[in-house]
Amino acid sequence: MASTSTNLEQESSGMETTRMSNEQVSTASNDPSELFGTCFWAGRNAASKALQPPVVKRRSLFALYPDLDRLSMPKSEAGCLLANVVANEVTRPPQNKAVVRFIVEFLNLNIMLPVSSTNVQQIEPFFLRMFLYDCRAGQRLSEEFRIDPNSDGLTASLKIGGRDGAGKSSVDKSTLDEDGVNTLSQRILADKNVRKVVYSIAKPHRDIYLVVRVDRLLSVDTSAEMYMKATSDLKGVAKLQKVIQQTCSRATQDKMCFAWAARPVFQEMLGCGTKSPNEMQLYRCEGNRLSDGDLQKILTDFGRIEKSGRLTQLPAATISVNIDFSPKAPDLSMCINSSFMPVRPWNVTSDSLVPACFEAQCFNDLISEPHTSLFNLLYVYPLTLKYDSQKAFNKARNIVCTIRFISVTRKEDISKVIYNRFASPTPFVHSMRCSVQYHEQNPVFSDEIKIQLPVSLDTGDHLLFSFSHVSVASTVSNKSQNENSDSPIGYAWLPLLKKDRLVIEHDNQEFSLSVATDLPHGYINYQSLGFGKGASYSLYVTMSFHFGYCIIRSRISYSDFHTGPDIRWVDNGKQLFRVRLRLVSSAFTTERKLQAFFQSCQRFQRAGLTGDASSKTKWFSPPGSISPISNTPSSPPSLVVTRSCSPSFENHGLSEEEKFWHYVVRKIKDLLEVDIDQIIPFLPITLNRLFTLLTYSFTDEMALSTLGFVFQIF
């Protein structure tokens, strides 16, 4: 019986081996590339397996959307199948495990002076700006977040007014609950009790620092000597109090950089050192050494430079912040993102007095995932202005730079797109002023201006930079409170569109601009054509006779030929002003070929080349539309387009409309050369455009190119 069972086991194992070998032969040719070689199907069910389509590994489209946004609640809730839907909210996508989220909480600012023998207090308002900085890469990792550390008693006693977010008395408290943006009341956005900021870093390392800058109001006390004295000077402090009181009553309240502090963020978490104390020493801002490049030089060897005494400390001046890395810390019930939209879950009643927490926009997100919400932010960083060699203005020292977004073709309200959460009645203003450096002809700016770009830009949309000399002495004079102490000393502008595409070719790009002495009407239409191309010239000929020979000397003087108004340039048109732009957007892309595809689709739509199935072979255009090729109203094509089974057809005798269709096809084919990581963030828009073109394809080539690119993605 034992031998019989052994034989049966050997026989069954032999049959199993034969079956497995047949399966291996059958499945050995799953690769489609081998179908045309010497491999063939054999074994059981070989015929049925040979007829099966090849297995193709594709990307999972829905895996890119782990948490989609909910639909907004319609105005009429009758018949709506959606329940418990909150409008105008953003769902925070689940973060990758490599992303570190933490909270930075401002605790206290200690900058005080003795007002009596027994009393020490803060006598003037200060304004804080916090951001993350990577000294290894020499760049910012987050946007600035502004905090108002001043008490209500100080604000009321100084009667702080003015503009640029410096004062609160101009805010009508009765309208704070009604006004605002994105269903958020202005009371929540402008709450001065906001102390917590959420940051997200994809690749933490030891060289990431939290930088805090402290600004004060511009006054005649530019040296801040009272804060540098170790002993008390009651008379000097009383004199300074009068100066501050007069400065706070001015209509225009400019700021100046005063102090700064920094501390490492991830040293303790990465095991690179002990925990840094919450209290940080404040250092005095020295001259025009305020750029990010100067900050990198200091933070690269911060410990040694701090101990060497090369940094000027403010005696007994500190700032305290707490960094929380606990896993449940970022899970807040009342959080607002960088576009001032509430983030779910928003489980707070409208009458709650609990201050909100803001999410700071971070710039180091290297994870490619589709955008699931709309954001369209442009960060402007004025860098330097070189005015030491200019001769156009007598006074150009206390220079302030004012930034505006100008829309030529739209209403004035469209230009109110600069973020300022302390403004009223909405957190948007028309302009923002940078900090002033006293008696500096070559100022180095360190401010950040955040702009909410419109989703549709026109040719005339541009950034306008106005430079003015601020008279510091007039801030304490007996002039009228509303009298302007600014003296214009130049203008520069940067168009946001160039040849129907964004002027920004990279997400973070620097520009050098010339400065004009005045701002004539139609300045945005100025365009220099250079020399030789339509340039006007003067020919001077002189003749002289020397030993019987006639010598002709000629001198040709060229003058710059341009279109638009005549503009006088500072320092012969040299590029004196430098500015850096950073684009963070789900509506615009800096990838040229992808942007060119979006532009062609937009022209395709504006031309009226859309319609139902009956108009696919016709030139359809609504009344009053403009042809994409010319500026004349569109008309039916000279040729009737017929669909053919052949993918190629003749190019001669094509109408303007057909040429435009071929242009769109070329832009679709160019998408195959774009890196997939640059397409994934704009995948919803790209697919929407492709499927729209697929349904309205006029030719087989357009349909095949559209389908080919869709298959290429997945």
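Which residues have the most contacts inside the largest nonpolar core? I put this to the model, which is a predicted one. I found F102, Y227 and L282 in that role, in a core of 68 residues.

Entry on domains. I checked where this core gets its residues: at least three come from domain 1 (100-160 + 181-326), and at least three from domain 2 (377-473 + 484-525 + 563-586).

Entry on a second core. I noted a separate core of 42 residues, with C401, L463, V579 and F588 among its members.

Entry on L282. I listed the contacts of L282, leaving out residues up to four places away in sequence. L282 touches L109, I111 and V214, then A259, W260 and A261, and also T312, Q313, L314, A317, T318 and I319.

Entry on cavities. I searched the whole structure and got 6 cavities of 30 Å³ or more. The largest cavity holds about 440 Å³ of space. I counted 32 residues in its lining, and E144, R146, Y419, N420 and R421 are the closest to its centre.

Entry on the lining. I looked up which elements give two or more residues to the lining of the largest cavity: they are β5 (126-134), β7 (145-147), β17 (357-359), β20 (418-419), β22 (431-433) and β23 (449-452). By residue class, I recorded 14 charged, 13 nonpolar and 5 polar residues in this lining. Domain 1 (100-160 + 181-326) and domain 2 (377-473 + 484-525 + 563-586) each supply at least three residues to the lining of the largest cavity.

Key:
Residues numbered from 1 in each chain as written. Predicted model: local features only at pLDDT ≥ 70, side-chain atom pairs only at ≥ 80, totals over all residues. Heavy atoms only, no water. 1 Å grid on protein atoms, 1.4 Å probe; cavity = no way out; pocket = protein on both sides within 12 Å on 5 of 7 lines; lining within 4 Å. Points joined across faces, edges and corners; volume = space filled by probe spheres on them. Helix = DSSP H or I, 4+ residues; strand = E, 2+ residues; numbered from the N terminus. Nonpolar A, V, L, I, M, F, W, Y, C, P; charged D, E, K, R; others polar. Domains from an automatic or database assignment. Core = buried A, V, L, I, M, F, W, Y, C linked by side-chain atoms within 4.5 Å. Buried < 20%, exposed > 50% of the residue type's maximum accessible area, 1.4 Å probe, protein only. Contact = heavy atoms within 4.5 Å.
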